[in-house]
Amino acid sequence: MASETHSATSAGSATESPFTPEPYVVERRVVETADTVTMVLKPAGGRGVPAFLPGQFNMVYRFGVGEVPISISGDPNRPDELVHTVRSAGKISDALTKTLPGETLGVRGPYGVGWPLQRAEHQDVVIVAGGLGLPPLRPLLYELLAHRDRYERVEIIYGARSPKDLVHYEDVQKWRTRGDLRLQVTVDAAGREWYGDVGLVTARIPDARFDPPRTVAFLCGPEIMMRLTAQALSTLGVPEASIWLSMERNMKCAVGLCGHCQWGPAFVCRDGPVFRYADVKRMFSVREL
Amino acid sequence: MSGAPVHAPPVLRVADHPFFHGLDERFVQLAGSGATERSFEAGDMLFLEGDIASEFWLVFQGKVALEIAQPDRPHVTIQTVGSGDVLGWSWLVPPHRWRFDARAVKATRTLALDAKTLKDAFEARPEDGYRFLLRLLPVIGDRLENARVQILDIHGV
């Protein structure tokens, strides 16, 4: 399933009703930063975890509080567990970050369109993550590294607000020591204890090694970061049709019914969250969107 | 017992720095005459905010942090520059004083070009000076954009 990238799941594929959550028990909780945790969930009652595509998301429900869309951040080749990385950014997500091992959450999904990783086969791959943009890209990286021989050079650029805001740091350290990919980490500002780079992710692009016309790029992070990065890659010669980004909007129903996440002609929950830059570029310049 | 031969690091040349690639050779020679190689260990300061800015720096190796020093608060690094980058444009505009501190994050090798020599080269060869500035302006623009996005705190919202 994980290799069949970029096909949208239909509403209700994982559950009988698209709005009925399935119970999951929090098995482990990893504190990533002061406001972000990663939760490892196991289905209650011995059910299996529905297969998902890297880049897809679930609606995660804290009973009595509400539900929010959260990207899946775990390994698509681990069918026994579901991993979500959540940042406290509002009432519901704050409640989710405070969920403890043993407690139960509701999950429905997976939803949306995943990263089209197969398009990157035999190409150079550039992955650019900003802040909490890394978790939605992590399943892609797991999948890519599981079949590393299918891809040419792999460049990862990861930016965060400060060294304290870097998430999945254990993975980052592992990737750093691999000989078959290059990783650059940069932060917006730092103290003297930080020996790495400081500056925007776009400032790291000139140091990345890739052949622009034969490169596929995957971007996830704050919208302005993705816009600047896509522009920089395009200027270097990466085809706009080969740049993919994951959008975030106010997703409520997750199945293309309610319209809360409408972005121009698209519903982000149904038609995204992964979009091709060439298809959505013009929407970045529409201020009302 | 004989040890491995010790090789001196290659001499740094202005013409080898990417910033000067493609510029007229005579201009490069003129602009770089009297350039001084400066090496730093991690933690060494290249210059301090408020010091007279009289040199244009070419970084060949290592990493330099541009910092803001605040009274009674930790220094904040707002950008790092590394191999192939240039450093400093305060020498070009009044009041010709550095606006930030610059600190070597790790062992760093640079060439420091004398600002007066550079300006004399601009006067002597204005067309090449114009090309030089056309290369420097995007560097300034990128750093301005970096600062603007930092103000937005895009990862913090």
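Here are some numbered notes to help you find your way around this structure, which is a predicted model.

1. **Chain B as a whole.** A good place to start is chain B, which has three helices and eight strands. Following the sequence, these elements come in the order α-β-β-β-β-β-β-β-β-α-α. The C-alpha atoms of chain B fill a box of roughly 55 × 50 × 30 Å along the principal axes. The chain has 157 residues, and 42% of them count as buried. If you take the contacts in chain B with a separation of 6 or more, 77% of them come from residues 24 or more positions apart.

2. **Two helices of chain B that meet.** Next, look at helix H1 (residues 25-32) and helix H2 (residues 115-124) of chain B: their axes come within 7 Å and cross at roughly 150°. On the H1(B) side, the contact is made by Phe27(B), Leu30(B) and Ala31(B). H2(B) brings Thr117(B), Leu118(B), Ala121(B), Phe122(B) and Ala124(B). Sorted by character, the residues of this contact are seven nonpolar, one polar and no charged.

3. **Helix H3 of chain B.** This helix covers residues 126-152. Its 27 residues should span 39 Å at 1.5 Å a residue, and the end C-alpha atoms are 38 Å apart, so the expected and modelled spans agree. The buried residues of H3(B) include Phe132(B), Leu136(B), Val139(B), Ile140(B) and Val149(B), and also Asp128(B), Arg143(B), Asn146(B) and Gln150(B). What covers them comes from both chains: helix H4 (223-236) of chain A is included, together with H1, strand S3 (55-61), strand S5 (73-82), strand S6 (86-87) and H2 of chain B. After H3(B) comes Asp153(B), with a positive phi near 50°.

4. **Helix H2 of chain A.** Now turn to chain A and its helix H2, residues 134-146. Here 13 residues at 1.5 Å each should span 18 Å, and the end C-alpha atoms are 18 Å apart, so the two agree. H2(A) is mostly covered, with 11 of its 13 residues buried. Several leucines are among them, including Leu134(A), Leu137(A), Leu140(A), Leu141(A), Leu144(A) and Leu145(A). The buried set also includes Arg138(A) and Glu143(A). The cover over these residues includes strands S4 (66-71), S5 (82-87), S7 (124-130), S8 (154-160) and S11 (215-220) as well as helix H3 (169-177), which belong to chain A.

5. **Where the chains meet.** How many residues does each chain give to the contact? Chain A gives 21 residues and chain B gives 21 residues. Between them the chains bury about 1900 Å², with 50% of that on carbon and sulfur atoms. Two salt bridges are counted between chain A and chain B.

6. **A salt bridge across the chains.** One pair to look at is Arg192(A) and Glu67(B), whose side chains meet in a salt bridge at 2.8 Å, N to O. The pair runs from the loop between S9 and strand S10 (197-198) of chain A, where Arg192(A) sits, to Glu67(B) in strand S4 (residues 63-70) of chain B. Are these partners buried or exposed? Arg192(A) has 33% relative accessibility, so it counts as partly exposed. Glu67(B) has a relative accessible area of 0%, so it is buried.

7. **Salt bridges elsewhere.** Over all chains, the whole structure holds 32 salt bridges. One of them joins the side chains of Arg148(A) and Asp180(A) at 3.8 Å, N to O. Arg148(A) lies in the loop between H2 and S8 of chain A, and Asp180(A) in the loop between H3 and strand S9 (182-187), so the pair ties together parts that are 32 residues apart in sequence. Arg148(A) is buried at a relative accessible area of 15%, while Asp180(A), at 26%, is partly exposed.

8. **A buried pair and a network.** Asp197(A) and Arg204(A) form another salt bridge, with the closest N and O atoms 3.4 Å apart. Asp197(A) is buried, at 13% relative accessible area, and Arg204(A) is buried too, at 9%. In chain B, salt bridges with shared partners link Asp24(B), Arg26(B), Arg125(B), Glu127(B), Asp128(B) and Arg131(B) into one network.

How values were computed:
Residues are numbered from 1 along each chain as its sequence is written. Chains are lettered from A and ligands numbered from 1 in the order in which they are written. This is a predicted model: local features need pLDDT of at least 70, side-chain atom pairs count only at pLDDT 80 or more; totals for chains, interfaces and linings use all residues. Side-chain values use heavy atoms; hydrogens and water are left out. Axes are lines fitted to C-alpha atoms, for helices over the stretch in contact, and angles run from 0 to 180 degrees between N-to-C directions. Helices (H or I, at least four residues) and strands (E, at least two) are DSSP runs, numbered from the N terminus. Contact means heavy atoms within 4.5 Å. Ala, Val, Leu, Ile, Met, Phe, Trp, Tyr, Cys and Pro count as nonpolar, Asp, Glu, Lys and Arg as charged, and the others, Gly among them, as polar. The expected span of a helix is 1.5 Å times one less than its number of residues. Buried means under 20% relative accessible area, exposed over 50%, partly exposed in between (1.4 Å probe, protein chains only). Buried area is the accessible area (1.4 Å probe) that two parts lose on being put together, summed over both. A salt bridge is a side-chain nitrogen of Lys or Arg within 4 Å of a carboxyl oxygen of Asp or Glu.
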